[in-house]
Amino acid sequence: MSEPRIGDWMHTIRGPWWALDPRVDELHIEVIARGCATECRFNGQGGFYSVGQHAVHCSEIAPDPFKLWALLHDAPEGLGLKDLPRPVKRHIGDSYHAAESGIMLAVCDRWDLPYTRNERGWLVMPEPVHRADETLLVTEARDLIGDGDIPRWDHLEGITPLRRRIRPWTWQKAERRFLARFHELTA
């Protein structure tokens, strides 16, 4: 008899996935790519702009040792946890953060990415990946939300947006580019 699982499973393009009981041998890059490519950033308020496209751009601007980490940094959002807006995520209970950390720990183990944990045992994103993520956040907000002004978020003071403009891709293009970037970085 197989070991009991935590939570329920969900459908993916490669079979069942237990988001609350992630296992390294059940992680498939195609599932992450599909989930991230079809998940909108900003709760859809910037139109269709996917987490997958965001991840590709993060991997392009992160320093060399962190490019794969940057590509996969939002893998939990492609694996069932959804992209919660920061104002909500900041105040959500520990169970969401524990689930997110559990998935990222499995991702790091699967693709041999270095990580550290905080005092609660949750994974901590490497600082260069965090900087790339923040840079993309202010760039995306400028290009996709409102009238093109950068929203003034205190925690993002001093973060400079990219000079290039963000142009949203279709989910199909985001999925293709995510997979191509993954294979380029892991070749």
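**Close-up views of pockets, cores and a buried helix**

**View 1. A smaller pocket beside helices α1 and α4.** The second largest pocket has a volume of about 180 Å³. In this predicted model, 15 residues line that pocket, and His 11, Val 31, Gly 35, Gly 78 and Gly 80 are the closest to its centre. Two helices, α1 (29-37) and α4, each contribute at least two lining residues. Helix α4 gives the most, with four residues. Sorted by class, the lining holds five nonpolar, six polar and four charged residues.

**View 2. The largest pocket and its lining.** Here we turn to a volume of about 1,100 Å³, the largest pocket of the model. Look for Arg 86, Lys 89, Glu 100, Met 125 and Asp 133, which are the closest to the centre among the 35 lining residues. Two or more residues come from each of α4 (75-81), α5 (86-89), α6 (94-110), β2 (123-124) and α7 (127-144). Helix α7 gives the most to this lining, with six residues. The lining is made up of 16 nonpolar, eight polar and 11 charged residues.

**View 3. An enclosed cavity.** The count of cavities of 30 Å³ or more comes to one. The largest cavity has a volume of about 40 Å³. Around this cavity you will find Thr 12, Gly 15, Pro 16, Trp 17, Glu 26, Leu 27, His 28, Val 31 and Leu 79. By class, that makes five nonpolar, three polar and one charged residues. Val 31 and Leu 79 each turn up in another view as well: Val 31 is one of the residues closest to the centre of the second largest pocket, and Leu 79 belongs to the largest nonpolar core.

**View 4. The largest nonpolar core, with a second one apart from it.** Of the 44 residues in the largest core, Ile 32, Leu 72, Leu 79, Val 107, Trp 111 and Phe 178 touch the most other members. Helices α1, α2 (51-61), α3 (67-72), α4, α6, α7 and α8 (171-186) each supply at least two residues of this core, and α6 gives the most, with eight. To follow one member, start at Val 107: leaving aside neighbours within four places in sequence, Val 107 is in contact with Leu 27, Leu 72 and Ala 75. A second, separate core has five residues, including Phe 42, Leu 137, Val 138 and Leu 156.

**View 5. An aromatic pair, Trp 111 and Phe 182.** The structure holds one aromatic pair. Its partners, Trp 111 and Phe 182, meet edge-to-face, with 5.7 Å from centre to centre and 80 degrees between the planes. Trp 111 sits in the loop between α6 and β1 (116-117) and Phe 182 in helix α8, so the pair ties together parts that are 71 residues apart in sequence. Trp 111 counts as buried at 13% relative accessibility, and Phe 182 is buried too, with a relative accessible area of 6%.

**View 6. Helix α2, largely enclosed.** Nine of the 11 residues of α2 are buried, so this helix is largely enclosed by the rest of the structure. The buried residues are Val 51, Gly 52, Gln 53, His 54, Ala 55, Val 56, His 57, Cys 58 and Ser 59. What covers them includes α1, α3, α4, α7 and α8.

Key
Residues numbered from 1 in each chain as written. Predicted model: local features only at pLDDT ≥ 70, side-chain atom pairs only at ≥ 80, totals over all residues. Heavy atoms only, no water. 1 Å grid on protein atoms, 1.4 Å probe; cavity = no way out; pocket = protein on both sides within 12 Å on 5 of 7 lines; lining within 4 Å. Points joined across faces, edges and corners; volume = space filled by probe spheres on them. Nonpolar A, V, L, I, M, F, W, Y, C, P; charged D, E, K, R; others polar. Core = buried A, V, L, I, M, F, W, Y, C linked by side-chain atoms within 4.5 Å. Buried < 20%, exposed > 50% of the residue type's maximum accessible area, 1.4 Å probe, protein only. Contact = heavy atoms within 4.5 Å. Phe/Tyr/Trp six-rings, centres within 6.5 Å; stacked < 30°, edge-to-face > 60°.
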